[in-house]
Amino acid sequence: MATDAPYDCLIIGGGPAGLTAAIYLARFHLDIHVVDGGNSRASWIPCTHNHAGYPDGINGKELLRLMREQAQKYGAKIETGRVTRLDHCEDGLFSAEWGAGSHRARSVLLATGLTNRRPPMDPELHDEAMARGLIRYCPICDGFEVTDKKVGVIGSGKGGVGEALFLRSYTADVTLIAPDNALDLKPEERERLGAAGVKCVDGPAEAVGVTEGCITVDTADGHLTFDSVYPALGSDTHTQLGEMVGAELAPDGCFRCDDHQRTSVPGLYAAGDVVHGLDQISHAMGEGGVAATTIRNDLAEQTPLYRAPVSEGELERAEEGS
């Protein structure tokens with residue numbers, strides 16, 4: 001059974017976008033609830049040096065912990081769970097299912113993110129290599145860390161070519177490896193790679209081992225060893241819940257949103273990697289702030305969010321508590 005009093009906003013996803021929105025909405029004195037599956041991509045970051053305010057970098061899990069703590073300080077309720085169903089009801093409210101029942105909300109923010117496609121390798125080996133910076137997924141975030149290092153890119157076509165050329169601005173030693181068989185490249189792509197000095201190797205590619213500071217990839221040219229490998233295999237965007245209520249998708253598979261993070265469904269908003277844009281912590285946080293402010297203002301147009309007068313006794317108790 002759904003609870004009687006709906007949340008002002010249900011946030012699905014507890015990454016940088018969702019938690020930023022939670023902080024804003026809680027400080028707007030709204031009744032919000034965050035349901036987080038616990039698999040934010042940010043949690044996999046060993047140490048991000050791109051996030052402003054942390055000169056020595058910060059671990060992804062620690063950043064998320066601090067953000068959760070900040071949201072909860074202002075009253076945000078956060079729980080671990082997986083929302084399996086979302087409905088848009090005739091009364092305009094949303095109904096979401098997770099845990100043991102269904103819950104209603106006046107608005108929903110989808111901050112469900114995406115999942116990078118992994119290269120073929122043992123899952124435990126992958127996680128170990130990623131924790132040590134031997135596998136990296138974001139050259140915008142950490143290309144600086146591979147400056148003048150030996151770098152491999154597993155990918156083909158436009159995505160692989162683009163990533164290899166981007167990394168070429170950090171190091172002269174870049175190798176593009178086909179994930180399957182022969183590299184699928186257009187003549188002009190081969191020309192650009194050749195002019196940049198990027199080596200091209202046919203696949204299939206499989207990361208087979210890590211040593212103290214290197215990762216080895218099995219290729220058609222034999223075993224190749226790199227300081228870091230970037231898989232450029234694409235990603236899968238988590239749009240299923242939005243699609244359940246009819247949210248439109250853009251051609252790239254992300255939610256189509258206006259400039260204020262509204263989807264095509266009234267009351268449904270989206271922020272972070274599930275929306276087209278720069279897949280960066282800072283960008284996700286910005287969209288979370290925009291979405292939260294839009295949600296607050298849209299709700300206020302439906303029902304004024306005026307504070308009730310505070311009695312002297314309540315004021316004294318509040319002052320004693322502070």
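**Ser107 and its surroundings in a predicted model**

A polar atom in the side chain of Ser107 lies 2.7 Å from the backbone oxygen of Asp8. The model is a predicted one, and this contact is a convenient place to enter it. Ser107 sits in the loop that runs between strand β6, residues 101-105, and strand β7, residues 108-110. Is Ser107 buried or exposed? Its relative accessibility is 1%, and because buried means under 20%, Ser107 counts as buried.

The contacts of Ser107 reach several parts of the chain. Leaving aside residues up to four places away in sequence, Ser107 touches Asp8, Cys9 and Leu10, then Phe94, then Gly267 and Tyr269, and finally Ile295 and Leu299. Asp8, whose backbone oxygen was named at the start, is thus among the residues that Ser107 touches.

One residue of that group, Gly267, leads on to the second largest pocket. Which residues of the lining lie nearest the centre of this pocket? They are Gly92, Arg106, Pro266, Gly267 and Gln302, out of 13 lining residues. The volume of the second largest pocket is about 180 Å³. Sorted by class, its lining consists of four nonpolar, five polar and four charged residues. A general point helps in reading such a value: rolling a probe the size of a water molecule over the atoms shows where empty space is left.

The next stop is a pair of strands. Strand β12 covers residues 206-210 and strand β13 covers residues 215-219; the two pair in the antiparallel sense, over four bridges. A hairpin of four residues joins β12 to β13. Glu206 of the pair has Asp218, in β13, as its bridge partner. For strands in general, side chains alternate between the two faces of the sheet when the strand is regular.

Ahead of β12 comes a loop that starts after β11, residues 199-201, and this loop holds Pro204. The peptide bond from Gly203 to Pro204 is cis, and its omega is near 5°.

Two other loop residues stand out by their backbone angles. Asp148 has a phi near 60°, which is positive although the residue is not glycine. Asp148 belongs to the loop between α4, residues 139-142, and β9, residues 150-155. Gln261, also not a glycine, has a positive phi of about 70°. The loop of Gln261 runs between α7, residues 240-244, and β17, residues 268-270. How do the two residues stand with respect to solvent-accessible area? Asp148 has a relative accessible area of 67% and is therefore exposed, whereas Gln261, at 7%, is buried.

Gly38 gives another view of a loop, this one between β2, residues 32-36, and α2, residues 60-73. With a relative accessible area of 52%, Gly38 is exposed, because the cut-off for exposed is over 50%. From Gly38 to Pro120 the sequence separation is 82 residues, and their C-alpha atoms are 24 Å apart in space.

The whole protein can now be put around these places. Its secondary structure comes to nine helices and 17 strands. Along the principal axes, the C-alpha atoms fill a box of roughly 75 × 45 × 35 Å. The protein has 322 residues, and 46% of them count as buried; Ser107 and Gln261 are examples of buried residues. Of the contacts between residues at least 6 apart in sequence, 58% join residues at least 24 apart.

How values were computed
Residues are numbered from 1 along each chain as its sequence is written. This is a predicted model: local features need pLDDT of at least 70, side-chain atom pairs count only at pLDDT 80 or more; totals for chains, interfaces and linings use all residues. Side-chain values use heavy atoms; hydrogens and water are left out. On a 1 Å grid over the protein atoms alone, a cavity is a set of points where a 1.4 Å probe fits but cannot get out, and a pocket is an open set with protein on both sides within 12 Å along at least five of seven lines; lining residues have an atom within 4 Å of a point. Grid points are joined across faces, edges and corners, and a volume is the space filled by probe spheres set on the points. Ala, Val, Leu, Ile, Met, Phe, Trp, Tyr, Cys and Pro count as nonpolar, Asp, Glu, Lys and Arg as charged, and the others, Gly among them, as polar. Buried means under 20% relative accessible area, exposed over 50%, partly exposed in between (1.4 Å probe, protein chains only). A polar contact is a pair of N or O atoms within 3.5 Å; within protein, one must be able to donate a hydrogen and the other to accept it, and residues adjacent in sequence count only if both atoms are side-chain atoms. Contact means heavy atoms within 4.5 Å. Two strands pair if DSSP finds at least two bridges between them.
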